[in-house]
Amino acid sequence: SAWQLWMPHWLGIYWAGSSENGIHALPIINGEELWAGSLGSPVSYGCVVLGALEAAQLYDWSEIGTPVVIRD
């Protein structure tokens with residue numbers, strides 16, 4: 001809500017100050033996908049952004065407490 005975006009299939013993974021970063025599908029603002037066509041490129045502010053299908057599959061598969069390992 002702080003960004004006035006809808007982030008479909010939100011999975012929070014870590015806090016960066018007072019904001020939580022997570023894994024989700026492409027954000028939607030005013031009915032339009034933000035960063036469409038940019039998957040695979042660094043465009044977010046710390047989140048892992050997936051396509052709609054992949055985000056839905058991960059969201060449906062995961063449970064609260066599922067470990068997440070971030071590697072660069």
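**Why these words fit this model**

Guide: Let's start with one pair: tyrosine 14 has asparagine 21 in S2 as its bridge partner. This is a predicted model, where local features need pLDDT of at least 70 and side-chain atom pairs count only at pLDDT 80 or more, while totals for chains, interfaces and linings use all residues. Residues are numbered from 1 along each chain as its sequence is written, and side-chain values use heavy atoms, with hydrogens and water left out.

Visitor: What makes S1 and S2 a pair?

Guide: Strands are DSSP runs of E with at least two residues (helices: H or I, at least four), numbered from the N terminus. Two of them pair if DSSP finds at least two bridges between them. S1 and S2 (residues 19-25) have 5 bridges in the antiparallel sense, so they count as paired. Elsewhere in S2, glutamate 20 stands opposite tryptophan 15. The hairpin has 2 residues between the strands, and glycine 17 takes a positive phi near 70 degrees there.

Visitor: What is the strand order in the open sheet?

Guide: The order is S1-S2-S5, 3 strands with mixed pairing. S1 (11-16) and S5 (48-50) each have a single partner strand, so they stand at the edges with one side lacking a neighbour in the sheet.

Visitor: Why is asparagine 21 called buried?

Guide: Buried means under 20% relative accessible area (exposed is over 50%, partly exposed in between; 1.4 Å probe, protein chains only). Asparagine 21 has 8%, so buried is the word. The residues touching asparagine 21 include Trp10, Ile13, Tyr45 and Cys47, leaving aside residues up to four places away in sequence; contact means heavy atoms within 4.5 Å.

Visitor: And why does glutamine 4 count as exposed?

Guide: Glutamine 4 has 62% relative accessibility, so it lands in the exposed class. Glutamine 4 sits in the segment before S1.

Visitor: Which residues lie nearest the centre of the second largest pocket?

Guide: They are Leu11, Gly12, Ser62, Glu63 and Thr66, out of 15 lining residues. S1 and helix H1 (52-61) are the elements giving two or more residues to that lining. On a 1 Å grid over the protein atoms alone, a pocket is an open set of points with protein on both sides within 12 Å along at least five of seven lines, whereas a cavity holds a 1.4 Å probe that cannot get out; lining residues have an atom within 4 Å of a point.

Visitor: How many of the lining residues are nonpolar?

Guide: The split is 10 nonpolar, 4 polar and 1 charged.

Terms used
Nonpolar A, V, L, I, M, F, W, Y, C, P; charged D, E, K, R; others polar.
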